[in-house]
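Reader: I should like a close look at the interior spaces of this model, and at the aromatic and nonpolar packing that accompanies them. Please begin with the smaller of the enclosed spaces and work outward from there.

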Amino acid sequence: MMRVPFLDLKAQYASIKEEVLPAINWVLDNTAYVLGKPVSEFETAFAKEHGVQFCYGVSSGTDGNHMVLWALGVGPGDEVIIPANTFIATAWGATLCGATPVFVDCDADSYTLDPRLVEAKITPRTRAIVAVHLYGQPADMDPLNAAATKHSIVVVEGCAQSHFAEYKGKRNGGLGRASSYSFYPGKNLGAYGEGGAVATNDPELARRFKMLRDHGAEKKYYHEMYGHNYRMEGIQGAVLGVKLRHLSAWTESRRRNAALYNKLLQGIPGVGTPKEMPYAKHVYHLYVIRASRRDELQKYLEEKGVSTGLHYPIPLHTQKAFAHLGYKEGDFPVTEKAAKEILSLPMYAELTEEQIWYVADTIRSFYA
């Protein structure tokens, strides 16, 4: 029996250890523990890679979700359109501003926000649409931006799972008014702890980002607005600066791994492989299949040494935290059906062909 972890961060660390340790030691030797040179250099490089003018490192992706909407002036009484199929941190961006998340179903092929359903949810209280680029695949941005322009609201990109993903040949991050990223350790570009970023091409919004992350001040002790401590640690900036240089190669490895999975899983009754949309370059943060008898399959794989994940088994509108919003089961059928069928297989750049063959053969033996 072969053991295939869902994610192998040790393998990635081993491949860059000789680069990353000196970068961390520089932070320690220079006591540059919060923000500082490694963070600013990473911000510049990351912005350039994503074709955006401004990027600021923050303390986590969740904090970035909040900061973007806060900087846009979202507050109590406002509504923010959120995909029903996403991690709950997306919705915290709205709730931490005092706004109400308004959930919308996902598209059955892309799993991202279904643009055909968005406009019906826009009201006079709507301030923003959060377009989450889920599992590594961009949302369909053109119709979302068109709806936002029509109703004088903004589109914010949730890029936590989509570093280097492309929409119609353009990398995400500058496809809406602003964007937020997560660098949680398991992401395609992961820190050695918590970390995130916000990005925009709007100079005034960028100024607000910079102040909000540092207690509402541009100059120390001169606080122009409400703010918070959302600053990135120096060690995380140093680690991310090293890892960013490898991200293109890691991304292509993920795409090759996904292509092999697609080939090997083809034709297995009861298994549906992910669909890369014609407008997208998918970066496969997660490799998510649809599976009949999903729970039985997951248990079988675990018994055979294959670790898997569920992203996400409980849709946001059925979470206890949002019970007061009045949603019920049946409101978002596409998301609810996916929640019962989706299964995330092992996916990372260091995954070997031998491991992928083993996973695929194990799935085939289950259905046989």
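Author: The second largest cavity holds about 50 Å³ of space. This is a predicted model, and every value given here is computed from it. The lining of the second largest cavity consists of Leu7, Asp8, Leu9, Gln12, Pro185, Gly186, Lys187, Asn188, Arg254, Tyr348 and Glu350. By class, these residues divide into four nonpolar, three polar and four charged.

Two cavities of 30 Å³ or more are counted in the model. The largest of them has a volume of about 70 Å³. Its lining comprises 13 residues, and those nearest the centre are Tyr111, Tyr135, Gln137, Pro274 and His282. Eight residues of that lining are nonpolar, three are polar and two are charged.

Lys187, named above in the lining of the second largest cavity, also appears in the description of the largest pocket. There, Lys187 is listed with Phe87, Ala160, Gln161 and Ser182 as lying nearest the pocket centre, out of 37 lining residues. The largest pocket contains about 620 Å³ of space. Two or more lining residues come from each of helix H3 (61-71), helix H4 (89-95), strand S4 (126-132), strand S5 (154-158) and strand S8 (178-182). Of these contributions, that of H3 is the greatest, at five residues. The lining of the largest pocket is made up of 19 nonpolar, 15 polar and three charged residues.

The second largest pocket has about 270 Å³ of space. Its lining numbers 15 residues, with Pro38, Glu41, Ala238, Gly241 and Arg245 closest to the centre. Helix H1 (9-29), helix H2 (37-50) and helix H8 (234-244) each give two or more residues to this lining. H2 makes the greatest contribution to the second largest pocket, with six residues. Nine of the lining residues are nonpolar, two are polar and four are charged.

The aromatic packing may be taken next. The structure holds 16 aromatic pairs. In one of them, the ring centres of Tyr13 and Tyr192 are 6.1 Å apart and the planes meet at 70°, so the arrangement is edge-to-face. An angle over 60 degrees is what places a pair in that class. Tyr13 belongs to helix H1, whereas Tyr192 is in the loop between S8 and strand S9 (196-200), so this pair ties together parts that lie 179 residues apart in sequence. Both partners are partly exposed: Tyr13 has a relative accessible area of 29%, and Tyr192 has one of 32%.

A second pair is formed by Phe42 and Phe46, whose rings are tilted, at 5.3 Å centre to centre and with 35° between the planes. Phe42 and Phe46 are four residues apart in helix H2, and about one helical turn therefore separates them. Phe42 counts as buried, with a relative accessibility of 1%. Phe46 likewise counts as buried, at 1% relative accessibility. H2 is also the element that gives the most to the lining of the second largest pocket.

Beyond these pairs, Trp92, Phe103, Phe322, Tyr327 and Phe332 form one aromatic cluster. Charged side chains lie over aromatic faces as well. Arg171 is placed over the face of Phe164, 3.7 Å from the ring centre. Lys219 is placed over the face of Tyr222, 4.7 Å from the ring centre.

The nonpolar core completes the picture. The largest nonpolar core has 42 residues, and those with the most contacts inside it are Leu69, Val80, Phe103, Tyr135 and Phe209. At least two residues of this core are supplied by each of strand S1 (54-58), H3, strand S2 (79-83), H4, S4, S5 and helix H7 (203-212). H7 provides the largest share, five residues.

Several names recur across these descriptions. Phe103 is a member of the aromatic cluster, and Phe103 is also among the residues with the most contacts inside the largest nonpolar core. Tyr135 is one of those contact-rich core residues, and Tyr135 lies among the residues nearest the centre of the largest cavity. Among the elements, H3, H4, S4 and S5 each give two or more residues to the lining of the largest pocket, and H3, H4, S4 and S5 each supply at least two residues of the largest nonpolar core.

Notes: Residues are numbered from 1 along each chain as its sequence is written. This is a predicted model: local features need pLDDT of at least 70, side-chain atom pairs count only at pLDDT 80 or more; totals for chains, interfaces and linings use all residues. Side-chain values use heavy atoms; hydrogens and water are left out. On a 1 Å grid over the protein atoms alone, a cavity is a set of points where a 1.4 Å probe fits but cannot get out, and a pocket is an open set with protein on both sides within 12 Å along at least five of seven lines; lining residues have an atom within 4 Å of a point. Grid points are joined across faces, edges and corners, and a volume is the space filled by probe spheres set on the points. Ala, Val, Leu, Ile, Met, Phe, Trp, Tyr, Cys and Pro count as nonpolar, Asp, Glu, Lys and Arg as charged, and the others, Gly among them, as polar. Rings of Phe, Tyr and Trp (its six-membered ring) pair if their centres lie within 6.5 Å; planes under 30 degrees apart count as stacked, over 60 as edge-to-face and the rest as tilted. Buried means under 20% relative accessible area, exposed over 50%, partly exposed in between (1.4 Å probe, protein chains only). A charge sits over a ring if NZ of Lys or CZ of Arg is within 6 Å of the ring centre and within 35 degrees of the ring normal. A nonpolar core is a set of buried Ala, Val, Leu, Ile, Met, Phe, Trp, Tyr and Cys residues joined through side-chain atoms within 4.5 Å.
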